[in-house]
Amino acid sequence: MTTTPVSDRSATIALQPTDEETALREAVSGVVARFGHSYFQECARTGEPMQQLWDTLGELGFLGLNIPEQYGGQGAGLTELAIVLEEMSAGGCPELAMVLSQGIVGSILPLHGTDEQKQRYLPGIASGAEKFVFALTEPDAGSNSHNVSTTAVRDGSDWVVNGTKYYISGIDHADHFLLVAKTGVDEKSGRGELTLFIVDDPNPPGFDKQLIPTALRAPERQYTLFFDGMRLPADSVVGQVGAGLRPLFDGLNPERVLSAVICTGIGRYAVAKAAEYARTRRVWGGVPIGSHQGVAHPLAEAAIELEAARTMVWRAAALFDAALPAGEESNIAKFLASRAGMKALDTAIQTHGGNGLAEDYGLADLWSIVRLQQIAPVSSQMVLNHYAQHALKLPRTY
């Protein structure tokens, strides 16, 4: 499959999908259909990754779309990667691992990694043979990344890490993880100076993890990570020491876009199932329940809001691929998509009545993963705070 290189793009959004995008959607949709939502349900139940689906997508080159060609990828962009994840989600198989490995780390390393780091890790990300997860959040920091308290202190040529990370997804099935730690304090602002590190071994000495029981229904489990004198070599630093915010945000904007397409994809999945159910379910007077406005209008409204959110998603992805500022648009996309996806799923459940809660109908088990997107990777309230301050020039309120 041919794709337009990112370097040749401008920040334009076509009125119609390109032939390449249409072919990509159809190809991914066809692959996911062979597995179906029941496959996701089984993996979520056992806590095992969707490895067969992952491997199939990797073999077809769909996991490396945003990775440069010289490292085994397709040299396309975030737009193409987001199409893959949206189609996975629309097929009932949302994948958090893609947000972390391809989205965050796959965006940061090409821009800020050393030549050795790129050669070592990007081919594995592109093929799907190796997975990264991301360790940023902490019990006392929440959405305030400046308040990270996990420290990395120099000891000879090594760094020694101490602290705790919280709600880290999928560490039990990762090959490596990208760690954010405080390596100093800015004398003027008093804020922590952050540095990114690659932790090559997912279970190194001085490291432990503990499962967090949650109601989240997904193959990826959540963990608390404990660092007690964990040592990292000097070449594990990504970017510049103490200047980790710049590479961090080069990964967080793709994270927001990919979180958004999980929601729009699940929303599409839910609306499609509800519309089919409303066309065939007959209760009152022998006519389909979809012939009643009380059923039809909520579904139509949910679908319209979903399409509006998707428009902002592709705008944000286009800006990112054109190497233009995309932070505001990525936040807006994530804000709108998380709400539209939740509304679409909730409306689909209501359309099904009691069947909406039945496992066989494959709707209610997706509730937690969509609801999560209003909390993480950035809460809806923090998006509003950011927009009010930076777009509306209102006083900072947080």
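**Close-up 1. A salt bridge within helix α7, between Arg279 and Glu276.** In this predicted model, Arg279 and Glu276 both belong to helix α7, where they stand 3 residues apart, about one turn of the helix. Their side chains meet in a salt bridge, with an N to O distance of 2.9 Å. Arg279 is exposed, its relative accessible area being 51%, whereas Glu276 is partly exposed at 39%.

**Close-up 2. A salt bridge between helices α7 and α4, formed by Arg268 and Glu87.** The closest N and O atoms of Arg268 and Glu87 are 2.9 Å apart, and the pair links distant parts of the chain, since Arg268 sits in helix α7 (residues 245-280) and Glu87 in helix α4 (residues 78-90), 181 residues apart. Glu87 counts as buried, with a relative accessibility of 6%, while Arg268 is partly exposed, with a relative accessible area of 24%.

**Close-up 3. A salt bridge between helix α6 and a loop, formed by Arg120 and Asp200.** The side chains of Arg120 and Asp200 meet at 3.9 Å, N to O. Arg120 lies in helix α6 (residues 115-127) and Asp200 in the loop between β5 (192-199) and β6 (207-212), so the pair ties together parts that are 80 residues apart in sequence. Arg120 is partly exposed, with a relative accessible area of 37%, and Asp200 is also partly exposed, with a value of 38%.

**Close-up 4. A network of salt bridges that includes Arg268 and Glu87.** Arg268 and Glu87 are linked in this network with Arg25, Glu86, Glu307 and Arg310. The structure as a whole holds 18 salt bridges.

Key. Residues are numbered from 1 along each chain as its sequence is written. This is a predicted model: local features need pLDDT of at least 70, side-chain atom pairs count only at pLDDT 80 or more; totals for chains, interfaces and linings use all residues. Side-chain values use heavy atoms; hydrogens and water are left out. A salt bridge is a side-chain nitrogen of Lys or Arg within 4 Å of a carboxyl oxygen of Asp or Glu. Helices (H or I, at least four residues) and strands (E, at least two) are DSSP runs, numbered from the N terminus. Buried means under 20% relative accessible area, exposed over 50%, partly exposed in between (1.4 Å probe, protein chains only).
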